[in-house]
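Please open the model in your viewer and keep the sequence panel beside it, since this tour moves from one selection to the next.

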Amino acid sequence: MKTTIAIVDDHELMAKALSALVQRYEEYEVLYEVGNGKEFIKYIKLGMIPDIVLLDINMPEMNGYETALWLKNNQPEIKILALSMNDKEESIIGMLRNGARGYLLKGCKTQELKLALDTLVKKDYYYSDFVTGQLIKSLNPEIFRNPVEALNLNERETDFIKLACSDLT
């Protein structure tokens with residue numbers, strides 16, 4: 001039986017090209033393509049539930065973060081592979097926190113998409129070297145910043161926090 005896929009991307013040309021590419025893989029079948037999370041949820045509520053969703057982040061009406069979170073809470077068995085142009089650490093971590101089991105940049109090679117799909121089916125997750133590097137970087141920042149400096153607190157605010165945390169409150 002083929003693994004079913006839904007594509008959620010507001011760029012129609014990208015969605016069609018992605019669909020055509022995935023259809024070339026013998027073990028996968030694209031059920032449908034939609035332009036945002038709201039449309040996708042309508043299909044889900046009609047019982048058209050894919051095994052995997054290729055989910056863009058930046059979309060109108062309901063973006064990828066909101067859609068991923070909805071899926072995490074309502075359809076956790078659907079595997080989310082985020083697919084975005086955005087390579088920022090916050091975006092990657094945000095999607096993973098909201099339930100994505102993998103993250104690919106739209107500029108990736110076609111064989112990486114195939115590897116990601118195959119790995120998702122076998123292992124339930126796919127983390128490329130790029131994503132792993134971003135996660136490690138976020139866990140181990142190169143420069144330690146003093147939290148007081150990072151928050152940009154003035155002297156009076158700093159004194160207040162020190163007093164609030166002491167036994168002299």
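How are H2 and H3 oriented to each other: roughly parallel or roughly perpendicular? In this predicted model, select helix H2, residues 37-45, together with helix H3, residues 64-74, and you will find them packed at an angle of about 25 degrees, with their axes 9 Å apart. Because angles under 35 degrees count as roughly parallel, H2 and H3 are roughly parallel to each other.

Next, show the side chains where the two helices meet. From H2, the contact is made by Gly-37, Phe-40, Ile-41, Ile-44 and Lys-45, while H3 supplies Thr-67, Trp-70 and Leu-71. Sorted by class, this contact of H2 with H3 has 5 nonpolar, 2 polar and 1 charged residues.

Now select Asn-63, which sits in the loop between strand E3 (52-55) and H3. Asn-63 is partly exposed, with a relative accessible area of 22%. The side chain of Asn-63 reaches two backbone nitrogens, that of Tyr-65 at 3.0 Å and that of Glu-66 at 2.9 Å. If you also display Gly-37, one of the H2 residues in the helix contact, you can check that its C-alpha atom is separated from that of Asn-63 by 6.1 Å, although their positions lie 26 residues apart along the chain.

From there, move to Ile-80, in strand E4 (residues 79-84). Is Ile-80 buried or exposed? With a relative accessible area of 1%, Ile-80 is buried, because buried means under 20%. Leaving aside its neighbours within four places in sequence, Ile-80 is in contact with Val-53, Leu-55, Ala-68, Leu-71, Gly-99, Ala-100, Arg-101 and Gly-102; of these, Leu-71 also belongs to the H3 side of the contact with H2. For a view across the model, add Ser-166, which is 86 residues from Ile-80 in sequence and 45 Å from Ile-80 in space, C-alpha to C-alpha.

The last stop is Asn-98, in the loop between helix H4 (89-97) and strand E5 (100-105). Which residues does Asn-98 touch, not counting residues up to four places away in sequence? They are Tyr-65, Ala-68, Leu-69 and Lys-72, and Ala-68 is also among the contacts of Ile-80. Asn-98 is buried, with a relative accessible area of 16%, whereas Asn-63, at 22%, is partly exposed.

Definitions and conventions. Residues are numbered from 1 along each chain as its sequence is written. This is a predicted model: local features need pLDDT of at least 70, side-chain atom pairs count only at pLDDT 80 or more; totals for chains, interfaces and linings use all residues. Side-chain values use heavy atoms; hydrogens and water are left out. Helices (H or I, at least four residues) and strands (E, at least two) are DSSP runs, numbered from the N terminus. Buried means under 20% relative accessible area, exposed over 50%, partly exposed in between (1.4 Å probe, protein chains only). Contact means heavy atoms within 4.5 Å. Axes are lines fitted to C-alpha atoms, for helices over the stretch in contact, and angles run from 0 to 180 degrees between N-to-C directions. Angles under 35 degrees count as roughly parallel, over 145 as roughly antiparallel, 65 to 115 as roughly perpendicular and the rest as oblique. Ala, Val, Leu, Ile, Met, Phe, Trp, Tyr, Cys and Pro count as nonpolar, Asp, Glu, Lys and Arg as charged, and the others, Gly among them, as polar. A polar contact is a pair of N or O atoms within 3.5 Å; within protein, one must be able to donate a hydrogen and the other to accept it, and residues adjacent in sequence count only if both atoms are side-chain atoms.
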